[in-house]
Amino acid sequence: MERDVILREVGLRDGLQLVKEMFPTDAKKRWISEEVAAGMSEIEVCSFVPPHVVPQFQDHEEVVRHAKSLSDLTVSALVPNAKGAERGFMLGVDKLNFVVSASETHNQKNVKCSTEDSLVRFEQIMEVRASNPDYAKTEVCSGVSTALGCTLEGEIDPKRALWLMGELVKRGATEIGIADTVGYANPGQVKALFIDAIAEFGADRVVAHFHDTRGLGLANSLAAYEAGCRKFDASLAGLGGCPFAPMATGNVVMDDLVFMFEAMGVRTGIDLDRLLSIREVLRENLPADEPLHGMISKAGPPKGFRPASQPLAAE
Ligand code: ZN
């Protein structure tokens, strides 16, 4: 399947991490399988955090093994430290994502250390990777959270975000996510930062990770695309809240993002109808008060809509 952009599903990690009730393991596996069948090529399936910190990911081993059994899927997972990374290396996860905040205050609050110490933790992950030749098949990446604004510090100097990205690349990160963790960004700001980031690090390395907290998720995604970005995170039905804004919406809605790109003639490789049908897995298994977001699921595609991606061959 030819793709002009690579979309990564992050709902199983970013979305579920705030859902208190355990999302059934079988439903997670179904969500993953059905998205792969719809054409999704990359899924962040869990976070390697201790079960007492986030019980939602206690089934990570079974979920990762299932995801790894599917062909044509890049399996990624979030890791907070070298210990979590080692679990990921041992399970043969394709891509591990470390997180560090551009906001010093947010980093302290989120992971209880300075950003400089977070860079040391990243180095420790790379040391673990180097300790075993089997681990070399796993890529190590990082997200820079609060790169476009912070609930604690407010505005973040774009130079600081770029500096942090550079430090991570120097230490071996193959991809860097620019994350608008709290949904503060606007398209003008996004475009400017992505132009600079792509000029410095190349389009292959830069990933857009936006939240729709203030309704600008799609607009920001488009701004990043226009700046040359070709890799985007989103979640089915926009699952995922924000711990700092309890009523807020979550990640960019994957279904709407697929519609936007396909309608523009940009191939995602994802079959929109099949993708939309997977919302049912969420509806059946999420707590009743967990909202499902998205517009295309409500309105349906416009008359005569022709997706840019060829529909998958009938089975
Ligand atoms: Zn996020």
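Q: Let's start with the strands. Which residue in β3 stands opposite Glu 44?

A: This is a predicted model, so read what follows as a description of that model. Strand pairing is read through bridges, residue by residue. Here Ser 76 in β3 is the one opposite Glu 44. Zoom out and you'll find β2 and β3 joined by 5 bridges, in the parallel sense.

Q: Is β3 (residues 74–79) buried or exposed?

A: For a whole strand, count its buried residues. In β3, 5 of the 6 residues are buried, so the strand is largely enclosed by the rest of the structure.

Q: Which strands does β1 pair with?

A: Follow the bridges again. β1 (residues 6–9) runs parallel to β8 (residues 231–234), with 4 bridges between them. β1 is also parallel to β2 (residues 42–47), this time through 2 bridges. Glu 9 is a handy residue to click on: it stands opposite Ala 234 in β8, and its bridge partner in β2 is Ile 43.

Q: On to helices. How far apart are the end C-alpha atoms of α7 (residues 158–170)?

A: The trick is to compare the end-to-end distance with what a rise of 1.5 Å a residue would give. For the 13 residues of α7 that means 18 Å, and the end C-alpha atoms are indeed 18 Å apart, which agrees. You can do likewise with α2 (residues 25–38): its 14 residues reach 20 Å from first C-alpha to last, close to the 20 Å expected.

Q: What should I look for at the ends of α7?

A: Check side chains at the start and phi angles just past the end. At the start of α7, a side-chain oxygen of Asp 157 comes to within 2.9 Å of the backbone nitrogen of Lys 159. Just after the helix, Gly 172 has a positive phi of about 110 degrees. There's a glycine just after α2 too: Gly 39, with a positive phi of about 110 degrees.

Q: Which residues of α7 are buried, and what covers them?

A: List the buried positions, then ask what sits over them. In α7 they are Ala 161, Leu 162, Leu 164, Met 165, Gly 166, Glu 167 and Leu 168. The cover includes strands β4, β5, β6 and β7 along with helices α6 and α8.

Q: And what do the buried residues of α2 pack against?

A: The buried residues of α2 include Ala 27, Trp 31, Ile 32 and Val 36, but also Lys 28, Lys 29 and Glu 35. They pack against β1, α1, β2, α3, α11 and α12.

Q: Which residues touch the most other members of the largest nonpolar core?

A: In soluble globular proteins, nonpolar side chains tend to be buried together. In this model the largest such core has 92 residues, and Trp 31, Phe 194 and Phe 232 touch the most other members. Helix α8 gives the most to this core, with 6 residues. As for Trp 31, its contacts beyond four places in sequence include Leu 12, Phe 23, Leu 236, Ile 278 and Leu 282.

Q: Which protein residues are donors of the zinc ion?

A: Look for donor atoms around the metal, then see where they fall in the chain. The protein donors are Asp 14 (OD), His 209 (NE2) and His 211 (NE2), lying 2.0 to 2.1 Å from the zinc ion. Asp 14 is in helix α1 (residues 11–15) and His 209 in strand β7, so the pair ties together parts that are 195 residues apart in sequence. Along the chain, the donors follow the spacing D-x194-H-x1-H. Asp 14 is buried at a relative accessible area of 7%, and His 209 is buried at 9%.

Q: Which polar contacts does Asn 251 make with the zinc donors?

A: The next step is to look at the side chains around the donors. Asn 251 sits in the loop between β8 and α10 and is buried, with a relative accessible area of 0%. Its side chain makes a polar contact of 3.0 Å with that of Asp 14, and another of 3.4 Å with that of His 211. Asn 251 also touches His 209, among others.

Q: Last one: how exposed is Glu 139?

A: Partly exposed, with a relative accessible area of 31%. Glu 139 lies in strand β5, and its side chain makes a polar contact of 2.6 Å with the side chain of Thr 174. Also try Asp 94: it is 45 residues from Glu 139 in sequence, yet 6.1 Å away in space, C-alpha to C-alpha.

Methods:
Residues numbered from 1 in each chain as written. Predicted model: local features only at pLDDT ≥ 70, side-chain atom pairs only at ≥ 80, totals over all residues. Heavy atoms only, no water. Pairing = 2+ DSSP bridges. Expected span 1.5 Å × (residues − 1). Buried < 20%, exposed > 50% of the residue type's maximum accessible area, 1.4 Å probe, protein only. Contact = heavy atoms within 4.5 Å. Polar contact = N/O pair within 3.5 Å; in protein donor to acceptor, adjacent residues only side chain to side chain. Donors = N, O, S within 2.8 Å, 3.2 Å for Na, K, Ca; no water. Core = buried A, V, L, I, M, F, W, Y, C linked by side-chain atoms within 4.5 Å.
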